[in-house]
Amino acid sequence: MKKLHSLLLSLATLVALPAVHAAGEVNLFGWSEYVPQEVLDGFTKETGIKVNFETYASNEELLSKLVAGAGAYDIVQPSDYTAEVMIRRKMLAPLDRQKLTNLKNIGPQYRGMVHDPEDKYTVPYMTGTVGIVVNTAVVKDPIKGYRDVFQPKHRDRLVVLNDNREIVTWAFYALGLPANEVTAANLAKARPVVASWIKLVKVFDSDSPKTALLNGDVDIGIVWSGEAAILWNEDKKFQYVLPAEGAHQFVDVLAIPTTAKHKDEAHQLINYILRPEVAKLVSDKFPYTNPNLAARRLLSPEQLANPASYPQAGNLQPFRDIGKAAADIDQLVTDLKSAN
Ligand code: N2P
């Protein structure tokens, strides 16, 4: 009996071996400063699947590289409005829900959202807002909105995201225009505002806008909320303000391109990231708003009290797919920057 048992055991090992060797790889194309390396290492340790990781700093960069390098990426991480574009252009593969057993950890308010009403193509990764950070040790006057930021007295004391859609939308908000009504007439109204604002900015940085604030190179920023949350953790003098005129709320998602060559591995990595203890590691390193409610329950009271990570309700709106107008926005900001 004992012999039979050990024979069966060694048979099992033999059968299992090829599976270990077959453990493949998965190519992740994600935002910079957003996916902790230890999450990817943990996945590789457990599954043997190697994760190749490349980063970008804007949705436009993601789209152009994905088109150019079709087949090179197995998981991408677009913002909601860019996922909408990709779904419309049939660039995303439908997800196999059977393989995403941890999807249940995502809060109901983050399911069936407008960019993917049936949760067919995307899984929420992190959500957040774009708002103002003020170094209150230096800036004493109250900063409530975009117009308070872009004052001549703040010339060369500002860092803002290097993101054309964001910048133009701030001007829309300041003018009282609806964020997603990107018509030629509205762009013409925004143009002089953006032109005057760009002149005041010292640093354009989407990767790590916190750095210029931490170094004291600038005193005010318009940044991703997770960057603001890191600053608050460093020093409470960095206060987060959701602009009174209105602010962008984003949901960044994980999705699998139709051209992906490792779809099974991609599902495995997405499901791994959806585990509460793994999604918690994301919050620990990059304190955005975690849509994984099971992970949120593992966060400390301090993490949940960070006003940039978990802000009180503001005037928040999502960006939507604006079709060809996205190219008009790019053109406008590129022109104004080169004229500067
Ligand atoms: C991470 C930026 C993520 C926010 N660096 C973009 N929606």
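This briefing walks through three helix packings, a pocket and the cavities of the structure above. Please keep in mind that the model is predicted. Helix 14 is a good place to start looking, as helix 7 packs with helix 14, helix 6 packs with helix 14, and helix 14 also gives two or more residues to the lining of the largest pocket. Elsewhere, helix 2 packs with helix 10, and the largest cavity is lined by 16 residues.

**Helix 14 and its partners**

- Helix 7 (residues 184–198) packs with helix 14 (residues 325–339) at an angle of about 35°, and their axes are 10 Å apart.
- The crossing of helix 7 with helix 14 is right-handed.
- On the helix 7 side, the contact uses Leu187, Arg191, Val194, Ala195 and Ile198, which meet Asp328, Ile329, Leu332, Val333, Asp335, Leu336 and Lys337 of helix 14.
- Sorted by class, the residues of this contact between helix 7 and helix 14 are eight nonpolar and four charged, with no polar ones.
- Helix 6 packs with helix 14 at an angle of about 90°, with 9 Å between their axes.
- Angles from 65 to 115 degrees count as roughly perpendicular, and helix 6 and helix 14 are therefore roughly perpendicular to each other.
- Helix 6 brings Asn164, Arg165 and Val168 to this contact, while helix 14 brings Ile329, Asp330, Leu332, Val333, Thr334 and Lys337.
- The contact of helix 6 with helix 14 has four nonpolar, two polar and three charged residues.
- If you are browsing helix 14, look for Ile329, Leu332, Val333 and Lys337, which are among the residues in contact with helix 7 and also among those in contact with helix 6.

**Helix 2 against helix 10**

- Helix 2 (residues 37–47) and helix 10 (residues 263–273) pack at about 120°, their axes being 11 Å apart.
- That angle makes helix 2 oblique to helix 10.
- The two helices, 2 and 10, cross in a right-handed sense.
- From helix 2, the residues Val39, Leu40, Gly42, Phe43, Glu46 and Thr47 meet Glu265, Gln268, Leu269, Tyr272 and Ile273 of helix 10.
- Six nonpolar, three polar and two charged residues make up the contact of helix 2 with helix 10.

**The largest pocket**

- The largest pocket holds about 360 Å³ of space.
- Its lining has 20 residues, and those nearest the centre of the pocket are Glu60, Leu63, Val85, Arg89 and Ala326.
- Two or more lining residues come from each of helix 3 (59–68), helix 4 (80–88), helix 6 (164–175) and helix 14.
- Helix 3 gives the most to the lining of this pocket, namely five residues.
- The pocket lining divides into eight nonpolar, five polar and seven charged residues.

**Cavities**

- The model has two cavities of 30 Å³ or more.
- The largest cavity has a volume of about 120 Å³.
- Among the 16 residues that line the largest cavity, Trp31, Tyr34, Trp224, Asp252 and Tyr288 lie nearest its centre.
- Strand 9 (residues 247–254) supplies the largest share of the lining of the largest cavity, with three residues.
- By class, six nonpolar, five polar and five charged residues line the largest cavity.

Definitions and conventions
Residues numbered from 1 in each chain as written. Predicted model: local features only at pLDDT ≥ 70, side-chain atom pairs only at ≥ 80, totals over all residues. Heavy atoms only, no water. Axes fitted to C-alpha atoms, helices over the stretch in contact; angles between N-to-C directions. Helix = DSSP H or I, 4+ residues; strand = E, 2+ residues; numbered from the N terminus. Parallel < 35°, antiparallel > 145°, perpendicular 65-115°, else oblique. Left-handed = near helix turned anticlockwise from the far one by under 90°. Contact = heavy atoms within 4.5 Å. Nonpolar A, V, L, I, M, F, W, Y, C, P; charged D, E, K, R; others polar. 1 Å grid on protein atoms, 1.4 Å probe; cavity = no way out; pocket = protein on both sides within 12 Å on 5 of 7 lines; lining within 4 Å. Points joined across faces, edges and corners; volume = space filled by probe spheres on them.
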